[in-house]
Amino acid sequence: MSLKESVKDFEFECYEKYSGTADEVKKQIEICPKCGIKLCFSHRPDCNSLLIEEMARCLNCDFGPRSIIHIIN
Ligand SMILES: [Zn+2]
């Protein structure tokens, strides 16, 4: 019973985090943290391992490249 309650709390906390600051999270992903210019993204899909490597870099300053791996499912 206690395990079930803790899982429920975890899901609720995640939902609150996304719904509250969705625009802010999106800005943090798309905007350069150094200069505030929108980042340039490039994607390199890897079909064998079902992954997409996303590279973000700023064309305005020396930020990046920042690499994020997406799993296709
Ligand atoms: Zn920048």
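1. Two strands count as paired where DSSP finds at least two bridges between them. With that in mind, the bridge partner of methionine 55 in β3 is serine 67, and on the other side of the pairing scheme the residue bridged to serine 42 in β2 is again methionine 55. These assignments, like everything below, refer to a predicted model.

2. As for the overall make-up, the protein chain contains 2 helices and 3 strands, and reading along the sequence gives the pattern α-α-β-β-β.

3. The 3 strands make up an open sheet, in which the order is β1-β2-β3 and the pairing is antiparallel. Its edge strands are β1, residues 40-46, and β3, residues 66-71, each of which pairs on one side only. On average, and with direction ignored, neighbouring strands of this sheet are turned by 20 degrees against each other.

4. Taking the two pairings in turn, β1 and β2, the latter spanning residues 51-57, are matched in the antiparallel sense over 7 bridges, while β2 and β3, which also run antiparallel, are joined by 6 bridges. In general, the strands of a sheet pair through backbone hydrogen bonds, in either a parallel or an antiparallel manner.

5. The loop between β1 and β2 contains leucine 50, a residue that deserves a look at its backbone, given that its phi is positive, at about 55 degrees, although leucine 50 is not a glycine. Is leucine 50 buried or exposed? Leucine 50 has 11 other C-beta atoms within 10 Å and is therefore exposed, the cut-off for that class being 12 or fewer.

6. The loop between β2 and β3 holds proline 65, and here the backbone should be inspected as well, since the peptide bond that joins glycine 64 and proline 65 is cis, with omega about 0 degrees.

7. On burial, 1% of the 73 residues of the protein chain count as buried, and the edge strand β3 is hardly covered, the count of buried residues among its 6 residues being 0. A residue would need 20 or more other C-beta atoms within 10 Å of its own to be called buried.

8. Finally, on the range of the contacts, where those with a separation of 6 or more are considered in the protein chain, residues 24 or more positions apart account for 19% of them.

Conventions:
Residues are numbered from 1 along each chain as its sequence is written. This is a predicted model: local features need pLDDT of at least 70, side-chain atom pairs count only at pLDDT 80 or more; totals for chains, interfaces and linings use all residues. Helices (H or I, at least four residues) and strands (E, at least two) are DSSP runs, numbered from the N terminus. Two residues are in contact if their C-beta atoms, placed from the backbone, lie within 7 Å. Axes are lines fitted to C-alpha atoms, for helices over the stretch in contact, and angles run from 0 to 180 degrees between N-to-C directions.
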